Amino acid sequence: MNYQAGSYEVAVIGAGHAGIEAALAAARLGASTILFTISLDAIANLPCNPSIGGTAKGHLVREIDALGGEMGRAADATFIQSRMLNRGKGPAVHSLRAQIDRKAYHLYMKHQLEYQQGLEIKQAEIVELQAENGRVSAVVTELGAVYQAKTVILCTGTYLKGKIFVGEYSKESGPDGMHPSNLLSASLQQLGIVLRRFKTGTPARVDRRSIDFSQMEVQQGDDPITPFSFETDPATLHNREVCYMTYTNEQTHQVIRENIGRSPLYGGKIEGVGPRYCPSIEDKVVRFHEKPRHQLFIEPMGLDTNEMYLQGMSSSLPEEIQVAFYRTISGFEQLKIMRNAYAIEYDCINPTCLKASLEFKEMAGLFGAGQFNGTSGYEEAAAQGLLAGINAARQVQGKPPLILDRASSYIGTLVDDLVIKGCNDPYRMMTSRSEYRLLLRQDNADARLTPVGYEIGLIDAARFARFQDKQQQITDELERLRKTNLPPSEALNKLLVSRETSQITTGCKVSELIRRPQISYQDLLPFDCARPELPEDVREQVEISLKYEGYIQKQRAQVEQMRRLEGKMLPEGLDYSEIGGLRLEAVEKLNQLRPVNIGQASRISGVSPADLSVLLVWLEQHRRRGEGI
């Protein structure tokens with residue numbers, strides 16, 4: 001028997017990384033919010049890698065922080081080791097990554113949720129969604145409690161009809177042996193939501209005491225450390241552990257090849273599509289058979305545990321085969337597995353059924369975020385959760401949705417890719433997915449998004465004032481460097497010659513010298529007597545702005561062109577079959593995906609430049625008819 005249990009403006013289903021950000025954002029924006037989780041002990045669980053960030057993912061975390069989300073602060077508070085990846089390349093691809101104390105991260109986020117005003121947390125399995133007149137209206141728990149909700153955010157992760165595989169063995173399960181959500185899928189399908197199956201996998205966790213680290217390469221953390229949150233003082237951060245790296249070998253590969261038929265992935269037992277950019281070790285051995293070895297990283301799960309995570313070695317082979325191939329690796333001869341590797345399959349959606357606000361096109365008030373939307377990764381999930389939480393709260397408050405475009409952020413790129421292009425396998429953010437990556441660096445996420453966070457209400461006045469002060473310091477220093485002349489001197493020319501760049505014979509602006517690839521801002525300190533004392537992050541922004549000024553200007557011009565197309569809005573409900581001159585494929589794709597503007601239409605596979613020209617002509621004619629011309 002069902003009973004009425006309460007009424008809320010926002011209901012969030014799932015307390016993983018997407019659900020946490022969604023619930024906190026909605027509550028912080030003043031919406032009465034309830035967060036449901038199958039287990040309070042699984043809040044903010046790191047079921048796969050105990051890390052936050054990575055290539056392009058670090059960009060997302062800094063953007064989440066710049067908007068007022070929580071993931072960056074949580075990572076800074078609970079990290080074990082931190083490294084900036086890709087330092088040997090340009091600043092566009094520098095990406096922060098930190099090993100996280102898994103248990104501490106869970107406790108940090110659980111605390112934030114429990115003490116957030118306007119947010120209630122409930123351990124319960126949601127088994128049904130109710131809707132009235134095309135709008136979501138309530139959620140129902142397994143025990144029959146009905147919670148009325150003006151908006152609902154689905155953040156089900158890998159729990160939705162979750163099923164794990166280890167060799168020939170399989171069972172219905174969520175990650176880490178948690179209870180799966182088996183009944184909600186049927187309710188969603190009854191509401192007309194089409195589901196599909198994706199899969200992911202996780203490596204084994206092993207006993208630190210059974211590893212011979214003397215045979216491995218040590219991976220040290222950075223010093224000094226760059227924090228994820230723009231509010232964290234770098235001086236307070238210290239690495240507390242090291243990681244290690246080793247390699248598979250031909251013997252490892254031979255064991256895997258001999259048993260490949262026992263892999264459920266190759267035996268046909270797994271229906272779901274796996275992540276293209278994070279293959280299992282059996283996938284690597286089969287697909288990259290020419291490679292003599294594959295690297296793997298040994299990473300701590302926390303400071304108070306002997307569990308170690310084997311990054312790069314996910315598998316669904318039988319347990320005894322896992323033991324056999326792991327023990328062929330140098331340093332693993334006596335390895336003991338604490339938690340075996342497994343694959344997990346789950347229900348999710350094709351995200352093209354969502355608007356750019358992450359609301360369903362055909363079900364008002366219902367939002368999706370995270371792996372439910374077809375993505376892979378904690379950071380992608382948190383970014384979507386933050387946006388969905390913001391937009392659910394804004395909807396109940398009668399405000400327009402927050403839409404981030406591709407030129408504003410990696411978050412905008414992620415969402416645009418999902419809702420316009422969709423994904424045929426679990427989507428992973430990469431720097432190569434952005435055509436504006438020189439503008440969307442991890443170091444300037446605050447400049448791009450903190451004003452947005454302040455405007456919508458997630459950034460408070462004190463933080464915004466600190467942000468404005470930083471931006472003013474950058475502006476003032478750039479202006480000073482462009483005006484300051486350095487006279488030629490023996491010492492300066494000696495420096496220039498040592499850096500294999502030309503000497504100067506007359507006065508030269510400091511800004512011009514910094515633009516030389518061989519010369520850094522710091523190199524000129526002895527010659528720039530008027531230089532003020534500035535924080536490291538300000539100095540970094542000044543140097544990047546000068547060194548890449550020409551390239552940045554070119555990308556800004558491209559952005560302006562893109563935004564002109566984004567400003568050409570397409571009428572809602574337009575039947576593209578009525579527009580003469582469009583190819584049949586374009587008509588089909590446009591009617592299916594319903595782009596809101598020409599910019600979105602231009603990114604749809606199957607819509608050609610000729611189709612865009614037809615649309616632009618039609619829009620102009622439509623405008624003229626509307627104006628009575």
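These legends accompany an overall view and several close-ups of a predicted model. Residues are numbered from 1 along each chain as its sequence is written. Local features need pLDDT of at least 70, side-chain atom pairs count only at pLDDT 80 or more, and totals for chains, interfaces and linings use all residues, while side-chain values use heavy atoms and leave out hydrogens and water.

**View 1. The whole protein, with 20 helices and 22 strands.** Helices (H or I, at least four residues) and strands (E, at least two) are DSSP runs, numbered from the N terminus. The radius of gyration is 26 Å, close to the 25 Å from the globule rule for 629 residues, so the protein is as compact as a globular protein of that length. That radius is taken over C-alpha atoms, and the rule is 2.2 Å times the number of residues to the power 0.38. Along the principal axes, the C-alpha atoms fill a box of roughly 85 × 80 × 50 Å.

**View 2. Burial, surface and contacts in the protein.** Of the 629 residues, 57% are buried (under 20% relative accessible area, 1.4 Å probe, protein chains only). The exposed surface is about 26,500 Å², with 50% supplied by carbon and sulfur atoms; areas come from the Shrake-Rupley method with a 1.4 Å probe. Among contacts (heavy atoms within 4.5 Å) with a separation of 6 or more, 73% join residues 24 or more positions apart.

**View 3. An open sheet of 4 strands, in the order 11-10-19-12.** Pairing is antiparallel; two strands pair if DSSP finds at least two bridges between them. Strand 11 (169-172) and strand 12 (195-202) stand at the edges. Each has a single partner strand, so one side of each lacks a neighbour in the sheet. Neighbouring strands are turned by 25° against each other on average, direction ignored. Axes are lines fitted to C-alpha atoms, and angles run from 0 to 180 degrees between N-to-C directions.

**View 4. Strand 12 against strand 19.** Strand 19 covers residues 342-349 and runs antiparallel to strand 12. The two are joined by 8 bridges. Arg-197 stands opposite Asp-347 of strand 19.

**View 5. Strand 15 beside strand 16.** Strand 15 (residues 243-247) pairs with strand 16 (residues 295-300) in the antiparallel sense. Their pairing spans 4 bridges. Thr-246 has Leu-296 of strand 16 as its bridge partner.

**View 6. The hairpin of strand 16 and strand 17.** Between these two strands lie 6 residues. Strand 17 (residues 307-311) runs antiparallel to strand 16, and 4 bridges join them. One bridge partner pair is Pro-300 with Met-308 of strand 17.

Definitions and conventions:
Buried < 20%, exposed > 50% of the residue type's maximum accessible area, 1.4 Å probe, protein only.
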